[in-house]
Amino acid sequence: SLRGQRGALLEGRRDFASFQSKGGRSTTVRTLHRCDVRWCEGEGLAITLEGDGFLYNMARIVAGTLLQVGVGCRSASSVEQ
C-alpha cells in the first residue's frame, strides 16, 4: 500500500539528525529496520518502528513527518533528503 511505501522511505541506515528535537549525541546515524504505517479500522493510524536505537523524540518526529506526507502537507521526496 501507499502508506507502507511512505514508511519504507525511512528504512535502512542513515543519519537521523533532522529527526531529533535536541542535539548532544556523538552520532545520529541509526538503522531503522522497520517502519510500518497502517490504518486500523476503529482505532486509527498505527505506526510501528523498529531500529538499533532512537534519538531524543525521534519516534514522535518520524510519526509526525509521515502524517504530514500522508495528508499532503509534505512531499515524500522531502523525507528522503
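Reader: Quick one to start: what share of the 81 residues in the protein chain is buried?
Author: Buried residues account for 28% of the 81 in the protein chain. Keep in mind that this is a predicted model.

Reader: OK. How many helices and strands are there?
Author: The protein chain has three helices and three strands. Along the sequence they come in the pattern α-β-β-β-α-α.

Reader: And contacts between residues at least 6 apart in sequence, what fraction of those join residues at least 24 apart?
Author: That would be 44% of them in the protein chain.

Reader: Let's do the sheet. In what order do the strands sit, and is the pairing parallel or antiparallel?
Author: The three strands make an open sheet in the order 1-2-3, with antiparallel pairing. Strand 1 (12–15) and strand 3 (44–51) are the edge strands, and each of them pairs on one side only. From one strand to the next, the twist averages 45°.

Reader: Does anything sit on it? Which helix packs on the sheet, and which strands does that helix touch?
Author: Helix 2, residues 58–70, packs there and touches strand 2 and strand 3. The direction of helix 2 makes about 135° with that of strand 3.

Reader: How many bridges hold strand 2 and strand 3 in their pairing?
Author: Eight bridges, in the antiparallel sense, with strand 2 covering residues 29–40. Strand 1 and strand 2 are also antiparallel, over four bridges.

Reader: Give me some register. What stands opposite W39, and what stands opposite C35?
Author: W39 has L45 of strand 3 opposite, and C35 faces L49, again in strand 3. R34 has E50 in strand 3 as its bridge partner. On the strand 1 side, R13 is bridged to T31 in strand 2.

Reader: What about the connection, how many residues lie between strand 2 and strand 3 in the hairpin?
Author: Three residues lie between them. G42 is in that turn, with a positive phi of about 85°.

Reader: Switching to charges. How many salt bridges does a search of the whole structure find?
Author: Four. One of them joins D52 and R13, where the closest N and O atoms are 3.6 Å apart. D52 sits in the loop between strand 3 and helix 2 while R13 is in strand 1, so this pair links parts 39 residues apart in sequence.

Reader: Are those two buried or exposed?
Author: R13 is exposed, at 59% relative accessible area. D52 is partly exposed, at 43%.

Reader: You said R34 and E50 are bridge partners. How far apart are N and O in the salt bridge between their side chains?
Author: 3.1 Å, N to O. E50 belongs to strand 3 and R34 to strand 2, so the salt bridge ties together parts 16 residues apart in sequence. E50 counts as partly exposed at 38% relative accessibility, and R34 counts as partly exposed too, at 32%.

Reader: Which residue does D36 form a salt bridge with?
Author: R38, with the closest N and O atoms 3.0 Å apart. D36 is partly exposed with a relative accessible area of 23%, and R38 counts as partly exposed at 35%.

Reader: Which residues end up joined into one network by salt bridges that share partners?
Author: R34, D36, R38 and E50.

Reader: Now R30. Where is R30 found, and is R30 buried or exposed?
Author: R30 is in strand 2, and the residue is buried.

Reader: What is the nearest side chain of opposite charge to R30?
Author: D52, at 5.1 Å, and R30 has no salt bridge. The cut-off for a salt bridge is 4 Å, so a pair 5.1 Å apart doesn't count. D52 does have a salt bridge with R13, as we saw.

Reader: Hm, a buried Arg without a salt bridge. Which backbone oxygen lies 3.1 Å from a polar atom of its side chain?
Author: The one from T27.

Reader: And which residues does R30 touch, leaving out those up to four places away in sequence?
Author: The list is G12, R13, R14, F16, R25, D52, G53, F54 and L55. R13 and D52, the salt-bridge pair from before, are both among these contacts of R30.

Definitions and conventions: Residues numbered from 1 in each chain as written. Predicted model: local features only at pLDDT ≥ 70, side-chain atom pairs only at ≥ 80, totals over all residues. Heavy atoms only, no water. Pairing = 2+ DSSP bridges. Helix = DSSP H or I, 4+ residues; strand = E, 2+ residues; numbered from the N terminus. Axes fitted to C-alpha atoms, helices over the stretch in contact; angles between N-to-C directions. Contact = heavy atoms within 4.5 Å. Buried < 20%, exposed > 50% of the residue type's maximum accessible area, 1.4 Å probe, protein only. Lys, Arg positive; Asp, Glu negative; His and termini not counted. Polar contact = N/O pair within 3.5 Å; in protein donor to acceptor, adjacent residues only side chain to side chain.
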